[in-house]
2 protein chains.
Amino acid sequence: MTEIVLDVRSQEILRKIISGYILTGEPVGSRTVAKLTREGLSPASVRNVMADLEELGLLTQPHTSAGRVPTERGYRYYIDWLLKVGQPAARDRALIDSSLSRVGGELSEAMEVVPRLLARLTRHVGYLVTPPVSDAVLKHIEFMRLHTRRILVVFVDRDEVVTHRILDMEEDLDQADLSRAARYLVDAFAGKTLQEIRDGLVRLMAEEKARFDSLLSNAVTLGTRYLDAESEERRVVLDGTTNIMHYPEFSDVDTMKRLFETFEEKHRLVNLLDRCLDPSGSRVVLGSEIDDPALGSMALVASPYRLVDGASGWIGILGPTRMEYDRAVSLVDYISRLFSTLLTRPNP
Amino acid sequence: MTEIVLDVRSQEILRKIISGYILTGEPVGSRTVAKLTREGLSPASVRNVMADLEELGLLTQPHTSAGRVPTERGYRYYIDWLLKVGQPAARDRALIDSSLSRVGGELSEAMEVVPRLLARLTRHVGYLVTPPVSDAVLKHIEFMRLHTRRILVVFVDRDEVVTHRILDMEEDLDQADLSRAARYLVDAFAGKTLQEIRDGLVRLMAEEKARFDSLLSNAVTLGTRYLDAESEERRVVLDGTTNIMHYPEFSDVDTMKRLFETFEEKHRLVNLLDRCLDPSGSRVVLGSEIDDPALGSMALVASPYRLVDGASGWIGILGPTRMEYDRAVSLVDYISRLFSTLLTRPNP
DNA sequence: GCTTAGCACTCTAGTGCGTTGAGTGCCAAT
DNA sequence: ATTGGCACTCAACGCACTAGAGTGCTAAGC
């Protein structure tokens, strides 16, 4: 896959075709492009360029006597080289500012608001991916005895994301022991990430002190059990999934069904997003670049956000390949920047 | 709306038409019915009866030269008078038994398993509606101070359904006060329903004792605040929503979108279900009998379940009007009976 | 008096066919 | 290098025609 180099005219024509196609959804013909182009080029000249672009694999025709349509490769070129991202429109900024100011700097609330905002503004699917759970920072933990050998664990993260989980233990512990164990864990590990806590517990076990100190032993057992049960690595929140029903590219029911099933299987979705977001810094991923059949003609726009402690997640949108990338990217960028600022501002 | 009385032959013909239509989705003609009918009736005779049934509003023709299709009224008659509900097939029973035995008698786990089971078996949408929150019975409550005037409330119900909620208070309380207040509430109200607790708190406030006793005062304030924030009355869990994408009656994208939006707005859905399930004991509700446009050509099969304390909820399925009612009703009935038995069996 | 064979009638779904128009590719002229 | 001109292609549309399923009605039969 060699680097493609285009002269200015080809670039302009490619841009016109892609933005035209994004706008109308119809194949774009040489006449249309010729009329839009600044220098008064004739349709015939445009056709020559189009033929070249087609040879390069950036365009195709649905059938011989139709206009041109961008290929995935064409979109990729467009996104990498031709896309100019500005600021969102003033009224969009105003809406974003007011929506976000209302949630304050709390991740737990933003988890609903941000995807909804993205979905509303773009009419695509908005999403937010939390930082990995192993980066969560312990603020509080509490154990409650429900009945014999059955314990409720409540975990509160520094960003006030609360999770609870019921554990079935081998041994019965009374509430006093549980409370002491919780206090011990908070004293020892508050401010540490789950990953660090996991390591710390392993160390304690190895030191064998736990064997003789029942408080320590309980704390270690409970902590370990909880962390082991904590299987999901990241959480993802979606909003506006029904928007995609209107995309003409999903008139095929089976494709749509597969897509919705993907939306529902959160853990699979998380894996998918994780795989395409983490490695590169790239912000737009095309469906063809993910090896999942369900995301066939979709594209992903993503931007990272960052918490005080350096843990980071993603927000973005999921829409048809045929989407207004400039608008999408500018909105996602703007929101993620603003959101990061809010999150890293010292809490009251 | 007078009572409709049909002779045996008309009933049989109506039944054949409806079950034929349910099976194939195509209008059913007189020839087809004549062949299926036991006594060797001719198509012409069948046509006479069909004309009568159409006059009664139980059937229609999509167009002049097509067979007959049941109307909503026809379905209603069929369900009320002609439906014979047996036991589910042996292999279905086996699947149900094994799935449910795994969850034991806990509502919290069943909330996922039961709808999934229903969806799998019927290929429609399975649902479970919890009992009203005001019927929940207090087992544990815990208050945790997150920071100044910010309190996490964890509520555990007798069925081990856990809910948490963050409260912003006017006054700051330290953790010791909070723990005492929680212990007081548990001592005073464990085993009582939220409704009873609400009443109890109101009484305490009225008695004015709270004014002088700070423990009591804190408990009352916290309890009241929590109960006030507890806005949702019931919860509903759905599974298999994507199944409906295959119904040919939803090839219209807008209808489907509206339906999916209804699925997502849980509280609206709860209201809807509540409205059509509570008053009557009827177990099948047709879309036309609910005044919600989103549920146009859908039907609802429901069966109640009961907890030890008498609180009750519903399980059931949501599918196209054109569904195999006998199978659906028998499955829903069987599961709800089995499920009630499990729930009311004394906990270990 | 109910049942039914027969028949004319209706309407959809499918097929074949010619027309239209958008768009292309190529070539020769500028 | 650009462009006007021209032949060609192909989807989309409208139209007429046919096949077939099904009906309603009437008159004959048990």
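This short talk covers the surface near DNA strand D and one helix of chain A. The model is predicted: local features need pLDDT of at least 70, side-chain atom pairs count only at pLDDT 80 or more, and totals for chains, interfaces and linings use all residues. Residues are numbered from 1 along each chain as its sequence is written, chains are lettered from A and ligands numbered from 1 in the order written, and side-chain values use heavy atoms, without hydrogens or water.

DNA first. Strand D is surrounded by 21 residues; a residue is near when one of its heavy atoms lies within 4 Å. The closest are R9(A), S45(A), T64(A), S65(A) and S30(B).

Which part of the strand faces the protein? Of the strand D atoms within 4 Å of the protein, 77% belong to sugar or phosphate. The rest belong to bases.

Now three polar contacts (N or O atom pairs within 3.5 Å). A polar side-chain atom of S45(A) sits 2.5 Å from a phosphate oxygen of strand D. For R9(A), the distance to a phosphate oxygen is 2.9 Å. For a side-chain N or O atom of T64(A), it is 3.4 Å. Two elements give two or more residues to this surface: α3 (43–55) of chain A and α3 (43–55) of chain B. The largest share, four residues, comes from α3(A). Helices here are DSSP runs of H or I, at least four residues, numbered from the N terminus.

Next, α6 of chain A, residues 107–122. Its buried residues (under 20% relative accessible area, 1.4 Å probe, protein chains only) include L107(A), M111(A), V114(A) and L118(A). R123(A) follows the helix, with a positive phi near 60°.

Methods: Polar contact = N/O pair within 3.5 Å; in protein donor to acceptor, adjacent residues only side chain to side chain. Expected span 1.5 Å × (residues − 1). Buried < 20%, exposed > 50% of the residue type's maximum accessible area, 1.4 Å probe, protein only.
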